[in-house]
Amino acid sequence: LSSPSGLTHESHKKDVEQVYLRCSEGSIEWMYPTGALIVNLRPNTSPASYKHLTVCIKPFKDSAGANIYLEKTGELKLLVRDGDRSPSKVYCFGYDQGGLFIEATPQQDISRKITGFQYELMSKGIASDLHTISAPCRPCSDTEVLLAVCTSDFVIRGSIQDVTNEAEEQESIIHVGVNKLYRQKSKVFQLTGESGNWRGQIKTLLKCGVRPGDGDFLFTGRMHFGEARLGCAPRFKDFQRMYKEAKDKGLNPCEIGPD
């Protein structure tokens, strides 16, 4: 978390401050913005790999007081306009497309403004998984499911207990009861209550029309800004079939107990 403050530059409202971020994910909070802020993302990886990185930012819900631009060789491209209210909107761009230039907008009372966002750096392949523009609700093929089992941040067998739709954010929250936890990167799925049942929440797009239903599914997906995002989710019996067929042919990309 980086938290610069414009109050230290009150007498120099045109000052430009530089911030260097070394982590692959985190957040930045610019308090009382004045002047401008250049955000330099410098991950601890080889510069040769930079061209394979995608940067995503997610503004805080109450972020205000500055415009956020993509800057490259002195040219500015507006990314997030001050005052835009798009809940949960994520803005992504290639690392080689430029850096972030945040410019404070004129304010009568800067003490009431804080500009902030979460950021993530990821490989372009993972980013395209998270933001499949062409068909985000398309069922996965057998090959895609088997690959998702090997590469996802979480893999669980579970059932849909309930679905909460959030119209404003255009998202659905799937409340999942977990029958078997194969893998999870973060502690999204946890033991709850005295019954000792594992539960958790997975988010997906509202337009995909997820509904509560009977039976078990194999839920896979990735963590994105601290939330579990749905990837491939076949019915568990279909996963068992495709896994067995691939294993019999020696084509399954990784081992996992399907039972």
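**Entry 1: Cys150 and Cys254**

I looked up Cys150 first and found a disulfide that joins it to Cys254, S to S 2.1 Å. I count a disulfide when two cysteine sulfur atoms lie within 2.5 Å. The torsion about this S-S bond is about -100°, so the disulfide is left-handed. The pair links distant parts of the chain: Cys150 sits in helix 2 and Cys254 in the segment after helix 3, 104 residues apart. Helices here are DSSP runs of H or I with at least four residues, strands are runs of E with at least two, and both are numbered from the N terminus.

The model is predicted; I took local features only at pLDDT of at least 70 and side-chain atom pairs only at pLDDT 80 or more, while totals for chains, interfaces and linings use all residues. Residues are numbered from 1 along each chain as its sequence is written, and side-chain values use heavy atoms, with hydrogens and water left out.

For accessibility I used three classes: buried is under 20% relative accessible area, exposed is over 50%, and partly exposed is in between (1.4 Å probe, protein chains only). Cys150 is partly exposed at 24%, and Cys254 is partly exposed at 22%.

**Entry 2: the other disulfides**

I noted 4 disulfides in the structure. Cys137 is joined to Cys208, with S to S 2.0 Å. Its S-S torsion is about -80°, so this disulfide of Cys137 and Cys208 is left-handed. Cys137 lies in the loop between helix 1 (124–130) and helix 2 (142–151), and Cys208 in the loop between strand 13 (197–205) and strand 14 (217–224), so the pair ties together parts 71 residues apart in sequence. Both ends are partly exposed: Cys137 at 37% relative accessibility and Cys208 at 23%.

Cys140 is joined to Cys232, S to S 2.0 Å. The torsion is about -90°, so the disulfide of Cys140 and Cys232 is left-handed. Cys140 is in the loop between helix 1 and helix 2, and Cys232 is in the loop between strand 15 (227–230) and helix 3 (236–248), 92 residues apart. Cys140 is partly exposed at 29%, whereas Cys232 is buried at 9%.

With the bonded cysteines numbered in sequence order, I wrote the pairing down as 1-2, 3-6, 4-7, 5-8.

**Entry 3: helix 2**

Next I listed the buried residues of helix 2, which are Val145, Leu146, Ala148 and Val149. Seen down the axis of helix 2, these fall within an arc of 155°, so they line one face of the helix. The arc is that of the directions from the helix axis to the C-beta atoms. I then asked what the buried residues of helix 2 pack against. The partners are strand 10 (154–166), strand 11 (171–184), strand 14 and helix 3. A contact here means heavy atoms within 4.5 Å.

**Entry 4: salt bridges**

My criterion for a salt bridge was a side-chain nitrogen of Lys or Arg within 4 Å of a carboxyl oxygen of Asp or Glu. By this rule I have 13 salt bridges. Lys58 forms one with Glu227, the closest N and O atoms being 3.8 Å apart. Lys58 is in strand 4 (residues 53–59) and Glu227 in strand 15, 169 residues apart. Lys58 is buried at 11% relative accessibility, and Glu227 is partly exposed at 22%.

Glu227 also meets Lys203 in a salt bridge, 3.2 Å from N to O. Glu227 lies in strand 15 and Lys203 in strand 13, so this pair ties together parts 24 residues apart in sequence. Lys203 is buried at 13%. I entered Lys58, Glu169, Glu171, Lys203, Glu227 and Arg229 as linked in a network of salt bridges.

In helix 3 I found a salt bridge between Glu245 and Arg241, 3.5 Å from N to O. The two lie 4 residues apart in helix 3, about one turn of the helix. An α-helix has 3.6 residues a turn, so residues three or four places apart point the same way. Glu245 is partly exposed at 39%, as is Arg241 at 36%.

**Entry 5: whole chain**

I closed with totals. The chain has 3 helices and 15 strands. Of its 259 residues, 39% count as buried. Residues 24 or more positions apart account for 66% of the contacts with a separation of 6 or more.
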